[in-house]
Amino acid sequence: MEHKKRVKKTSQPDFLGQALTAAGTAIAAPSLLNQATITKDASQSNPGEMSVKLTVNGEQQTLDLEPRVTLLDALRDRLGLVGSKKGCDHGQCGACTVLIDGERVYSCLALAVMQEDKAIVTIEGLAKGDTLHPVQAAFIDNDGFQCGYCTPGQICASVALLDEIKRGCASVVTPDLACPPQLAELSEAEIKERLSGNLCRCSAYNGIVAAIQEVIGQKPPSPAAAVMVNEPQEMLT
């Protein structure tokens, strides 16, 4: 007896369903593959990064950074030290000033990867516990605080200024370059010139000058302004 092979008939709805399933698989497969690749890459470090060891406020920090990352961004975004402010981000306002090996530096212009084996001090590292740095205390006593945005840079620059004088550094207004000023004889013009790289529209500059004068042992002027008023001549007659 001859058996006829039964041919399974496929209805039109079944055929369309199988076709759509196959097409969906073909479309979804690359997407799932890409998703798996992205997840795998995310678990790995960026190949463009390099390990950098920074000594900040006496503590060593190891960061994976791209070579283009500025010291300011590393301090703020990676270490949470937000005292140094990003003002102009072009090295013009001084709000990001920090100390590197005792010298003032605009951290927005300094690459983090170039600061290995250097001692970095930010505004957070000036105080010793609850004891303020003498410059910080003098800023409070003489109302040298501005809006708070530029003050950290002003204080760091003032600390560096004192160290520069101790090292015998001259400035543009120093009369005799062979005989730089000493702290006790530091003039108001010298202080203003040496802090001219730190700008702020709050204009507490007189209080800042007075704070430095107090730290170096000079008697700062009274914070009360002396106003001289001359009556117009026509009102006197």
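Modeller: Welcome! Two strands count as paired if DSSP finds at least two bridges between them, and the model we are looking at is predicted.

Biologist: Thanks! How many bridges join strand S3 to strand S4?

Modeller: Strand S3 covers residues 97-100 and strand S4 covers residues 103-106. The two run antiparallel, and the number of bridges joining them is four.

Biologist: Which residue in S4 is the bridge partner of valine 98?

Modeller: Valine 98 belongs to the pairing of S3 with S4, whose strands run antiparallel. Its bridge partner in S4 is valine 105.

Biologist: Which residue of this hairpin takes a positive phi?

Modeller: Two residues stand between the strands S3 and S4 in the hairpin. A positive phi, near 55°, is taken there by aspartate 101.

Biologist: On to the interior. Which element gives the most residues to the largest nonpolar core?

Modeller: That core has 22 residues, and Leu126, Ile155, Leu161 and Leu195 have the most contacts inside it. The elements giving two or more residues to this core are H3, H4 and helix H6 (205-215). The most, eight residues, comes from H4.

Biologist: And why does phenylalanine 145 count as partly exposed?

Modeller: Phenylalanine 145 sits in the loop between helix H3 (134-141) and helix H4 (151-166). Together with Leu132 and Ile140, Phe145 forms a nonpolar surface patch with about 270 Å² of accessible area. Partly exposed lies between the buried limit, under 20%, and the exposed limit, over 50%. Phenylalanine 145 falls in that class because its relative accessibility is 38%.

Methods
Residues are numbered from 1 along each chain as its sequence is written. This is a predicted model: local features need pLDDT of at least 70, side-chain atom pairs count only at pLDDT 80 or more; totals for chains, interfaces and linings use all residues. Side-chain values use heavy atoms; hydrogens and water are left out. Patches are made of residues with over 30% relative accessible area and no salt bridge: like charges are joined within 9 Å, nonpolar side chains (Val, Leu, Ile, Met, Phe, Trp, Tyr) within 5 Å. Accessible areas come from the Shrake-Rupley method with a 1.4 Å probe; for residues, only the protein chains shown count as cover. A salt bridge is a side-chain nitrogen of Lys or Arg within 4 Å of a carboxyl oxygen of Asp or Glu. Buried means under 20% relative accessible area, exposed over 50%, partly exposed in between (1.4 Å probe, protein chains only). A nonpolar core is a set of buried Ala, Val, Leu, Ile, Met, Phe, Trp, Tyr and Cys residues joined through side-chain atoms within 4.5 Å.
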